[in-house]
Amino acid sequence: QEESQDSAVKEVNVNKNQTLQWKVVTTWPPTLPILMDGVRLLAEQVTTMSQGRLEIEVFGGGELVPPLESFDAVDAGTAGLGHGAAYYWAGKAPAAQFFTAVPFGMNAQQMYAWLFGGGGQELWDETYKDFNLIGLPAGNTGVQMGGWFNREINTLDDFQGLKMRIPGLGGQTIAKVGGSAELIAAGEIYTSLERGVIDASEWVGPYHDQSMGFNKVAQYYYYPGWHEPGSVLERLVNRQAWEALPDDLRMIIQVAAHAQNNWMLSQFDAQNGNSLQELAAGGTDVRQFPDEVMSGLKGAADEVLQEVADTDPMSAKVYESFRKFQVEVASWGNASEKPYYNLIQTEST
Ligand code: CA
């Protein structure tokens, strides 16, 4: 009885001719390729698919609110939507970090498997339950690069005293092995490296790093990005505004966010190979981190993750799900992607 009343009321309230105007705020510099392109693409898609019933105005970081105030702006309803990465909100909800990237965690494909098929999204919803927000996966960088260094990294001892721009759990890991993790905004990385304020910095991958010109101020470019093996980007939605939307507009936003996962990851993969070749040809010393360094950082990262879990019950719950899923999904990856990658790598070199 109650259910049929609800749907009757809903039907009356849906005005197919109403035009809604929403804003989207982002954590990205307004001119940042791929990420801002994706935000603009989603706005266009939503407007077109809704036949103009939901129009979205795009604001780059700093254009409506400062980049790292996107969370609060969407929470307060200043903007209906946001785009960024959940690990920026560690100070508000520590468990949010697990939905972007975990050092030595899962890659893009595995993250999506966890989020869409392994209970990850439900935990993301629970993480934000005390906020007026919903977080949805909307884009992925793929495996990032390990970063730009002005000193060689041959052993774990080489991190002693190293000043590196590296956020989040990766930064805590660097601190654990004797370095210091510096918080430096994207726009200041170049001059900080140039002036020796920092010895190293990670950013994204070859395409973005090349466009930032880091090859002019750092000598060594290390891989892989152990700290961000498949960073999931985040579409924030104001919960109250979301709940007031008719079902079709909700589905349009959801499907457009889904499309971002594929579109952004494809753009990164399409550009990074060429940029890496150009960097190497231009004199950048591209190197793989030694195994000994990777296993040392892995041990330090495990300690960091356990500490986060020990101090926050929600993080403990998310970490448990994450870790369990990673082991399970690896058992399949070890018999599928891994041997196949090794096979084609051999044939292409
Ligand atoms: Ca990064």
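Let's begin with the calcium ion, whose donor residues follow the spacing Q-x57-E-W-x24-E along the sequence. Keep in mind that the model you are looking at is predicted. The protein atoms that serve as donors are OE1 of Gln144, two OE atoms of Glu202, the backbone O of Trp203 and an OE of Glu228, at 2.2 to 2.8 Å from the ion. Gln144 and Trp203 link distant parts of the chain: Gln144 sits in the loop between β4 (133-140) and β5 (147-149), while Trp203 sits in the loop between β8 (200-201) and α8 (206-212), 59 residues apart.

Are these two residues buried or exposed? A residue counts as buried when its relative accessible area is under 20%. Gln144 is therefore buried, at 5%, and Trp203 is buried too, at 10%.

Now move to Arg165, which belongs to strand β6 (residues 163-165). Arg165 is buried as well, with a relative accessible area of 9%. Its side chain makes a polar contact of 2.6 Å with the side chain of Glu202, one of the calcium donors. A polar atom of the Arg165 side chain also lies 3.1 Å from the backbone oxygen of Ile184. Beyond its sequence neighbours within four places, Arg165 is in contact with residues including Glu182, Ile198, Ser201 and Trp203.

Finally, find helix α5 (residues 120-127), where Gly120, Gln121, Leu123, Trp124 and Thr127 are buried. Seen down the helix axis, these residues fall within an arc of 160 degrees, so they line one face of α5. An α-helix has 3.6 residues a turn, so residues three or four places apart point the same way. The buried residues of α5 pack against α4 (108-117), β4, β10 (232-238) and α12 (313-333).

Methods: Residues numbered from 1 in each chain as written. Predicted model: local features only at pLDDT ≥ 70, side-chain atom pairs only at ≥ 80, totals over all residues. Heavy atoms only, no water. Donors = N, O, S within 2.8 Å, 3.2 Å for Na, K, Ca; no water. Helix = DSSP H or I, 4+ residues; strand = E, 2+ residues; numbered from the N terminus. Buried < 20%, exposed > 50% of the residue type's maximum accessible area, 1.4 Å probe, protein only. Arc of directions from axis to C-beta. Contact = heavy atoms within 4.5 Å. Polar contact = N/O pair within 3.5 Å; in protein donor to acceptor, adjacent residues only side chain to side chain.
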